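Here are my notebook entries from a first pass through a structure. I jotted things down as I looked them up.

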Amino acid sequence: MRVHNETGLFHASQLTSHQPPQPAMSMVVRGTFSLDESGEVELLDDVQHGVLCGDLYDGEDMHTAPLSHASDFAAFKLSSEVLLIGSAHAPHHRPTSHWPVRLTVGSWHKELMVYGPRSWAWGKPSAAEKVES
């Protein structure tokens, strides 16, 4: 099979079979972009090339370090994925213990609740500390 990629984004393929003997192919296309406060998106050319790999963590211990790059490969995915690395800032920069954040890409969106630092004691979390970001 021949792949013709006109996107300029790094890509790779993996042959597999979900229903043997019928062949299938998973295609990975990786793009890394910056997103500013106004919503402008820019392709980051300097990180587009390289090796497709497994999960990478921002630290030595994968059980405690945050995920910095999700695995490029999976035998089958129903849809694409988005990994956002950034900071959350409290509304009006006033210290608060929690606030909602939202990421929107086209018609898709995800909303999460962000909490200030907490700790575990006796099997339950403490109250969240108030923070600005």
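**Entry: the first hairpin**

Which residue in E2 stands opposite Gln 14? I looked it up and found Ser 26 in that place. A caution before I go on: I am reading a predicted model here.

I checked how E1 and E2 are joined, and I counted eight bridges, with the strands running antiparallel. The two strands make a hairpin, and two residues sit between them. I then looked at the link between those strands and found a cis peptide bond from Pro 20 to Pro 21, with omega near 5°. Pro 21 belongs to the loop between E1 and E2.

**Entry: overall layout**

I stepped back to see the whole chain. I noted 10 strands and zero helices. Reading along the sequence, I wrote the pattern down as β-β-β-β-β-β-β-β-β-β.

Next I looked up the dimensions. The C-alpha trace spans about 55 × 40 × 30 Å along its principal axes. My note on the radius of gyration says 19 Å for this chain, while a compact globule of 133 residues would come out near 14 Å. I also checked burial: 13% of the 133 residues count as buried.

**Entry: confidence**

How confident is the predictor, and which elements mark the two ends of the range? The average pLDDT of the chain is 82, and 92% of the residues score at least 70. Among the elements, E8 has the highest mean pLDDT, at 92, and strand E6 (residues 67-69) has the lowest, at 77. I kept E8 in mind for the next entry.

**Entry: the second hairpin**

I went to strand E7 (residues 98-105) and strand E8 (residues 108-115), which pair in the antiparallel sense over eight bridges. They form a hairpin too, with two residues between them. In the turn I found Gly 106, whose phi is positive at about 60°.

I picked out some cross-strand neighbors. Trp 99 stands opposite Val 114 in E8. Further along, Leu 103 stands opposite Lys 110 in E8.

As a reminder to myself, side chains in a regular strand alternate between the two faces of the sheet.

**Entry: a salt bridge**

How many salt bridges does the structure hold? I found one. It joins Arg 102 to Glu 111, and the closest N and O atoms are 3.5 Å apart. That fits a general point I keep on hand: side chains of opposite charge can pair when their charged atoms come close.

Are the two partners buried or exposed? Arg 102 counts as exposed because its relative accessible area is 51%, and the cut-off for exposed is over 50%. Glu 111 has 46% relative accessibility, so it counts as partly exposed.

**Entry: a nonpolar patch**

Back toward the start of the chain, I looked at the surface. Met 1, Val 3, Leu 15, Met 25, Met 27 and Val 29 make a nonpolar surface patch of about 630 Å². Which strand gives the most to the nonpolar patch? I noted strand E2 (residues 22-30), with three residues.

Val 3 caught my eye as well, since I found it in the segment before strand E1 (10-19). It counts as partly exposed because its relative accessibility is 38%.

**Entry: Gly 31**

Just after E2 I stopped at Gly 31, in the loop between E2 and strand E3 (33-35). Its relative accessible area is 32%, so I put Gly 31 down as partly exposed. I also looked up its distance to Leu 9: the two are 22 residues apart in sequence, and their C-alpha atoms are 5.8 Å apart in space.

**Entry: positive phi outside glycine**

I looked at two loop residues with unusual backbone notes. His 92 is not a glycine, yet its phi is positive at about 60°. I placed His 92 in the loop between E6 and E7, and at 67% relative accessibility it counts as exposed.

Trp 122 is not a glycine either, and its positive phi is about 55°. Where does Trp 122 lie? I found it in the loop between strand E9 (120-121) and strand E10 (124-125). Trp 122 has 87% relative accessibility, so it counts as exposed.

Definitions and conventions:
Residues numbered from 1 in each chain as written. Predicted model: local features only at pLDDT ≥ 70, side-chain atom pairs only at ≥ 80, totals over all residues. Heavy atoms only, no water. Patch = residues over 30% accessible without salt bridge, like charges linked within 9 Å, V, L, I, M, F, W, Y side chains within 5 Å. Areas by Shrake-Rupley, 256 points an atom, 1.4 Å probe, with all protein chains shown as cover. Salt bridge = Lys/Arg side-chain N within 4 Å of Asp/Glu carboxyl O. Helix = DSSP H or I, 4+ residues; strand = E, 2+ residues; numbered from the N terminus. Buried < 20%, exposed > 50% of the residue type's maximum accessible area, 1.4 Å probe, protein only. Pairing = 2+ DSSP bridges. pLDDT = per-residue confidence, 0-100. Rg over C-alpha atoms; globule rule 2.2 N^0.38 Å.
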